[in-house]
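Biologist: Hello! I have a chain on my screen and would like a close look at one part of it, with the surroundings filled in afterwards.

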Amino acid sequence: MSTERFIPRIETGVLLGSYDPFSNARGSGSGSSDRESHVFCGFCCDLRRAVLILNSITVVFHFLMMIGMFAGFSFLNHNSDSILDAIDDDVAKEQFESWAEHGNFKAIEALVGILFIGSIAMHACGIYGAYKFEVWGVVTAAVGYAISCLLGLISLNFLHVTIAAVFLYPHVVMIKEMQEDIMTEDNYDSVASCCCDAI
């Protein structure tokens with residue numbers, strides 16, 4: 001009979017209160033992470049909500065602008081004679097008449113309409129991407145805001161640049177969090193937050 005004593009093995013993590021028996025069963029794609037999800041502006045809401053809200057605002061705003069633009073060009077095309085009579089400057093009157101005769105106003109209307117429709121489509125992709133946790137959708141909307149930032153810089157409209165940058169930043173951080181499994185469809189309930197919850 002062996003005289004060797006049996007010494008039970010105790011995990012040090014148990015003694016320290018940090019042992020997780022299921023740690024080896026977790027896969028890297030489970031959506032769990034020790035890092036906390038970023039909160040929009042540090043206090044407002046989680047990034048998914050921010051992306052959904054900001055893109056919804058952009059879609060509605062651009063749709064209303066497009067309707068207003070079409071209404072303005074329609075008025076211009078149907079009242080060109082009265083507008084010409086109201087112009088006192090002969091040079092300006094000649095230029096307006098030339099543009100109307102050559103269809104330049106209709107060409108501008110079509111071009112601006114295409115730009116608005118394209119922008120609405122890009123930000124609709126952002127809404128879909130945030131709702132379904134599709135990175136490509138959020139990236140598409142982020143590209144739209146990046147282009148808006150660039151146009152603001154070219155025109156030296158720094159207010160426009162600031163607004164576009166504020167709208168862009170939650171997209172960039174959400175893309176990073178989705179790629180790092182900090183925010184996924186599986187763990188969203190645990191990272192979701194809203195300032196209204198504190199009321």
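Is L156 buried or exposed, and what is its relative accessible area? Please take that residue as the starting point and then walk me through the rest of the chain.

Modeller: Happy to. Please keep in mind that this is a predicted model. L156 is exposed, because its relative accessible area is 61% and the cut-off for exposed is over 50%. You will find L156 in the loop between α6 and α7. Its backbone deserves a glance too: phi of L156 is near 60°, a positive value in a residue that is not glycine. Most residues other than glycine have a negative phi. D181 is another non-glycine residue with a positive phi, about 60°, and D181 sits in the loop between α7 and α8.

Now step back to the whole chain. The secondary structure consists of eight helices and zero strands, so the pattern read along the sequence is simply α-α-α-α-α-α-α-α, with runs numbered from the N terminus. Of the 199 residues, 30% count as buried. The chain exposes about 13500 Å², and carbon and sulfur atoms supply 63% of that area. Among contacts between residues at least 6 apart in sequence, 67% join residues at least 24 apart.

Let us go back to the two helices that flank the L156 loop. On the surface, V139, V143, I147, L150, L151 and I154 form a nonpolar patch, with about 540 Å² of accessible area together. One of these residues, V143, belongs to helix α6. V143 counts as partly exposed because its relative accessible area is 38%, which falls between the 20% and 50% cut-offs.

Inside the chain, the largest nonpolar core has 17 residues, and M174 and M183 have the most contacts within that core. Helices α2 (47-78), α6 (135-154), α7 (158-179) and α8 (188-191) each supply at least two of its residues. The biggest share comes from α7, which gives five residues. Leaving aside neighbours within four places in sequence, M174 is in contact with L47, R48, V51, A130, V138 and M183. A second, separate core has ten residues, including M66, M69, F73 and I120.

Two of those names, M69 and F73, return around a charged residue, E109: leaving out residues up to four places away in sequence, E109 touches M69, F70, F73 and N77. E109 is part of helix α5 (residues 104-132). E109 is buried yet has no salt bridge, and the nearest side chain of opposite charge, K106, is 7.4 Å away. That distance rules out a salt bridge to K106, because such a bridge needs a side-chain nitrogen of Lys or Arg within 4 Å of a carboxyl oxygen of Asp or Glu.

One last stop is M65, in helix α2. M65 counts as partly exposed because its relative accessibility is 36%. M65 and G113 are 48 residues apart in sequence, while their C-alpha atoms are 9.9 Å apart in space.

To return to where you began: L156 is an exposed residue, placed in the loop between α6 and α7, and its phi is positive.

Note on methods:
Residues are numbered from 1 along each chain as its sequence is written. This is a predicted model: local features need pLDDT of at least 70, side-chain atom pairs count only at pLDDT 80 or more; totals for chains, interfaces and linings use all residues. Side-chain values use heavy atoms; hydrogens and water are left out. A nonpolar core is a set of buried Ala, Val, Leu, Ile, Met, Phe, Trp, Tyr and Cys residues joined through side-chain atoms within 4.5 Å. Buried means under 20% relative accessible area, exposed over 50%, partly exposed in between (1.4 Å probe, protein chains only). Helices (H or I, at least four residues) and strands (E, at least two) are DSSP runs, numbered from the N terminus. Contact means heavy atoms within 4.5 Å. Patches are made of residues with over 30% relative accessible area and no salt bridge: like charges are joined within 9 Å, nonpolar side chains (Val, Leu, Ile, Met, Phe, Trp, Tyr) within 5 Å. Accessible areas come from the Shrake-Rupley method with a 1.4 Å probe; for residues, only the protein chains shown count as cover. Lys and Arg count as positive and Asp and Glu as negative; His and the chain ends are not counted.
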